[in-house]
Amino acid sequence: MKSKKISLNYEVYDSAEELTDDLRKLLKEAKLAIAKSYAPYSGFQVGAAARLVNGAMVSGANCENASYPLCICAEPATLAAAASAHPGVAVRALAISVKNKLRPVEKPTPPCGACRQMLVEHEDRFDQPIQLILQGGDETVYVFERVRDLLPLHFSGDFL
Ligand code: THU
């Protein structure tokens with residue numbers, strides 16, 4: 001038997017003020033995108049902003065439905081918006097900001113498993129890591145260099 005270990009590195013900032021100008025702008029855009037959220041059922045609003053390799057910025061938000069499984073998370077909404085506006089152009093960074101109408105969200109909120117799978121497919125497809133910038137209700141910011149680190153041993157088209 002062999003035992004293997006997977007470890008994860010990420011950066012923690014006390015405030016967005018410590019980020020580079022580009023990441024701070026992207027996070028600001030993600031915060032603004034919260035206004036686009038349609039979340040009448042959960043009250044959990046998610047805004048996301050993507051920076052593409054051509055420099056463009058595209059944002060999106062979660063969109064819920066009375067038939068709950070049809071809810072669309074902010075991350076795929078933003079990827080789809082980016083693919084529609086800039087077909088074939090890779091995303092290189094994605095900022096995510098959240099607001100819960102029911103109670104304050106303290107910690108930065110990481111993307112759900114399904115969103116990670118979608119983001120990793122994008123990374124694989126374009127051979128381009130997507131830097132993730134996460135902020136919750138407090139000032140703390142987490143930065144991950146690539147999404148695949150958050151989805152170790154991920155499933156991909158290589159298995160098909
Ligand atoms: N949500 C996202 O937009 N992204 C995630 O990664 C997790 C969850 C949304 C879906 C739903 O509208 C609400 O948050 C509560 O789950």
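## The largest pocket

The lining of the largest pocket has, by class, 13 nonpolar, three polar and two charged residues. The structure described here is a predicted model. The volume of this pocket is about 190 Å³. There are 18 lining residues, and those closest to the centre of the pocket are F44, V46, C73, A74 and E75. Three elements give two or more residues each to the lining: β2 (44-52), α2 (74-85) and β4 (91-100).

## Helix α1

Helix α1 covers residues 21-33. Its 13 residues, at 1.5 Å each, should span 18 Å, and the end C-alpha atoms are 18 Å apart, so the expected and computed spans agree. The buried residues in α1 are L23, L26, L27, A30 and A33. These residues are on the same side of α1, because they cover an arc of only 115 degrees around the axis. An α-helix has 3.6 residues a turn, so residues three or four places apart point the same way.

Several strands take part in covering the buried residues of α1: β2, β3 (57-61), β4, β5 (131-135) and β6 (141-144) are included. The face turned away from the buried side carries the exposed residues D21, K25, K28 and L32. L32, found in helix α1, has a relative accessible area of 55%, and since exposed means over 50%, L32 counts as exposed. L32 is 25 residues from S7 in sequence, and their C-alpha atoms are 33 Å apart in space.

## Helix α2

At 1.5 Å a residue, the 12 residues of α2 should span 16 Å. The end C-alpha atoms of α2 are 16 Å apart, which agrees with that value. Buried residues in this helix are A74, E75, P76, T78, L79 and A82. Two of these names, A74 and E75, also appear among the residues closest to the centre of the largest pocket.

What covers the buried residues of α2 includes the strands β2, β3 and β4. Helix α3 (113-126) is also part of that cover.

## Helix α3 and the residue after it

Helix α3 has 14 residues, which should span 20 Å at 1.5 Å a residue; its end C-alpha atoms are 20 Å apart, in agreement. In α3 the buried residues are C115, R116, L119, V120, H122 and E123. Seen down the helix axis, the buried residues fall within an arc of 155 degrees, so they line one face of α3. Their cover includes α2 and β4. On the face turned away from the buried side are the exposed residues A114 and R125.

Just after α3, D127 takes a positive phi of about 50 degrees. Most residues other than glycine have a negative phi, and most peptide bonds are trans. D127 is found in the loop between α3 and β5. With a relative accessible area of 69%, D127 is exposed.

## The loop between β2 and β3

G55 lies in the loop that joins β2 and β3. Its relative accessibility is 37%, so G55 counts as partly exposed, a class that runs between the 20% limit for buried and the 50% limit for exposed. G55 and R92 are 37 residues apart along the chain, and their C-alpha atoms are separated by 9.2 Å.

## The segment after β6

Two residues of the segment after β6 are described here. One of them is P152, which is partly exposed, with a relative accessible area of 42%. P152 and L8 are 144 residues apart in sequence, yet 9.4 Å apart in space, C-alpha to C-alpha.

L153 is also found in the segment after β6. The phi of L153 is near 55 degrees, a positive value in a residue other than glycine. L153 has a relative accessible area of 79%, so this residue is exposed.

Notes
Residues numbered from 1 in each chain as written. Predicted model: local features only at pLDDT ≥ 70, side-chain atom pairs only at ≥ 80, totals over all residues. Heavy atoms only, no water. 1 Å grid on protein atoms, 1.4 Å probe; cavity = no way out; pocket = protein on both sides within 12 Å on 5 of 7 lines; lining within 4 Å. Points joined across faces, edges and corners; volume = space filled by probe spheres on them. Helix = DSSP H or I, 4+ residues; strand = E, 2+ residues; numbered from the N terminus. Nonpolar A, V, L, I, M, F, W, Y, C, P; charged D, E, K, R; others polar. Expected span 1.5 Å × (residues − 1). Buried < 20%, exposed > 50% of the residue type's maximum accessible area, 1.4 Å probe, protein only. Arc of directions from axis to C-beta. Contact = heavy atoms within 4.5 Å.
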